[in-house]
Amino acid sequence: MKILVTGGAGYIGSHTMIKLLENGYEVVCVDDLSNSKMIAVKKVEEISGKKVDFYKADIRDREALRKVFTEHKIDSVINFAGYKAVGESCAKPIEYYDNNIYGILVLIEVMREFGVKNLVFSSSATVYGNPHKVPITEDFPLSTSNPYGSTKLFIEYILKDLYKSDNEFNISILRYFNPIGAHPSGKIGEDPNGIPNNLCPYITKVCVGKLPFVNIFGDDYPTPDGTGVRDYIHVEDLAEGHVLAVKKLEEKPGLFIVNLGTGVGYSVLEMVNAFSKALGKEVPYKIGPRRPGDIPMCYADPSFAEEFIGFKAKRTLDDMCRDALNWQLNNPDGYVE
Ligand code: NAD
Ligand code: UFG
């Protein structure tokens, strides 16, 4: 079985390609390297001992995609390709709509042209907006408060309409909670450009002395210690969830939506403490004001994922912190080509 992974050079894609290769799948990767480096694909090959057929291309480039589908008999597609920074999406909404929405439209059109009808899509817990309660089940109301979130929600609508119009499609919408951590080898991991926006890559930069302290965005939320609570999931667990989703598509299940989370929420302070434990010394932090747009609490009800695709996150918070830190200590400047 051959899987096309778009955006495979990125953080989640690179970990997923390893799991696919380990599970006997052949992998073709299309990535324009707009937010990643080729060395990540080389590391995937090094870790797995297997080859990835790599194409440097933008998924909006129809001819480039046609070439890939002509040269390979693709069974299923996993689409990671897209922009993902919430703040940037507010400054550059048109670029986000164009890349994320137009990108998947071109991809679907070329899939249809070549009779490929199995698709896994990276959605996000952001589509739940500010949930009325926790844990969050897949049938919660959906909303969006920024252009990035809107692209995810609109694509979910597009995929639902596509399936209604052609039920030969098998579509897996995976709503990720907060992926963190890295491959235990320390060879691949998250490599954001500039100062990280997300909590964990920020903390690991503080751990290696690249940043002075962690800014905690608010301690007056209605949570046990006042800081924001999230469902952090090890990227290795998340990657395994994709293999299960691909296997499920082979059973021709139609369209399904699952949360990929652990079902456990940790606060920002708990995260700082967990990293202090992994590092063996206190991670410095300062409490500051809330970040506009943040919600108090978000964690998954993961029971449908377990029931429907057999997914259950196995790795602990200690595993996540150890592996994230190991990656950052081995690669203080991220990937260097
Ligand atoms: P990433 O930026 O590391 O990976 C995305 C990859 O897609 C990058 O390698 C980038 O170069 C590539 N890309 C972007 N636009 C492209 C295009 N038009 N054509 C080809 N390649 C393109 O991001 P990630 O964290 O690995 O996220 C993967 C997917 O999961 C994204 O769609 C993201 O929105 C979604 N997601 C991520 C998170 C998270 O916290 N990381 C949470 C929920 C959902
Ligand atoms: N936080 C800090 N300091 C920081 C960064 C974050 O205190 O420097 C806090 C936030 O206020 C929040 C928590 O840490 O309470 C997590 O923040 P992240 O930015 O790491 O993650 P978010 O939950 O805000 O958002 C992430 C992705 C979204 C995605 C969402 C759900 O950035 O794209 O998870 O998957 F939609």
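In the predicted model, Asp98 is partly exposed, with a relative accessibility of 36%. Its side chain forms a salt bridge with Arg60, in which the closest N and O atoms are 2.6 Å apart. The two residues belong to distant parts of the chain: Asp98 is in helix 5, whereas Arg60 is in the loop between strand 3 and helix 3 (62–71), and 38 residues separate them.

Helix 3 contains a salt bridge of its own, between Glu63 and Arg66, with the closest N and O atoms 2.5 Å apart. Glu63 and Arg66 are three residues apart in this helix, about one turn. Arg66 has a relative accessibility of 23% and therefore counts as partly exposed, since the class of buried residues is limited to values under 20%.

A further pair is found in helix 6 (residues 147–165), where Asp161 and Lys164 are likewise separated by three residues, about one turn of the helix. Their side chains meet in a salt bridge with an N to O distance of 3.6 Å. Asp161 is partly exposed at a relative accessible area of 44%, while Lys164, at 67% relative accessibility, counts as exposed.

Salt bridges also occur as a network, which links Lys19, Glu236, Asp237, Glu240, Lys314 and Arg315. Over the whole structure, the search finds 28 salt bridges.

The strands were examined next. Seven of them form an open sheet with parallel pairing, in the order 3-2-1-4-5-6-11. Strand 3 (52–56) and strand 11 (255–260) are the edge strands, each pairing on one side only. From one strand to the next, the twist averages 20°. Within the sheet, strand 1 (residues 2–6) and strand 4 (residues 76–79) run parallel and are joined by four bridges. Val5 stands opposite Ile78 of strand 4.

Two helices were examined in relation to these strands. Helix 8 (residues 235–249) packs on the sheet and touches strand 1, strand 4, strand 5, strand 6 (170–176) and strand 11. The direction of helix 8 makes about 160° with that of strand 6. Helix 5 (residues 93–113), which carries Asp98, lies across strand 1, strand 4 and strand 5 (118–124). With respect to strand 5, helix 5 runs at about 165°. Strand 1, strand 4 and strand 5 are thus named among the contacts of helix 8 and also among the strands that helix 5 lies across.

Notes. Residues are numbered from 1 along each chain as its sequence is written. Chains are lettered from A and ligands numbered from 1 in the order in which they are written. This is a predicted model: local features need pLDDT of at least 70, side-chain atom pairs count only at pLDDT 80 or more; totals for chains, interfaces and linings use all residues. Side-chain values use heavy atoms; hydrogens and water are left out. Two strands pair if DSSP finds at least two bridges between them. Axes are lines fitted to C-alpha atoms, for helices over the stretch in contact, and angles run from 0 to 180 degrees between N-to-C directions. Contact means heavy atoms within 4.5 Å. A salt bridge is a side-chain nitrogen of Lys or Arg within 4 Å of a carboxyl oxygen of Asp or Glu. Buried means under 20% relative accessible area, exposed over 50%, partly exposed in between (1.4 Å probe, protein chains only).
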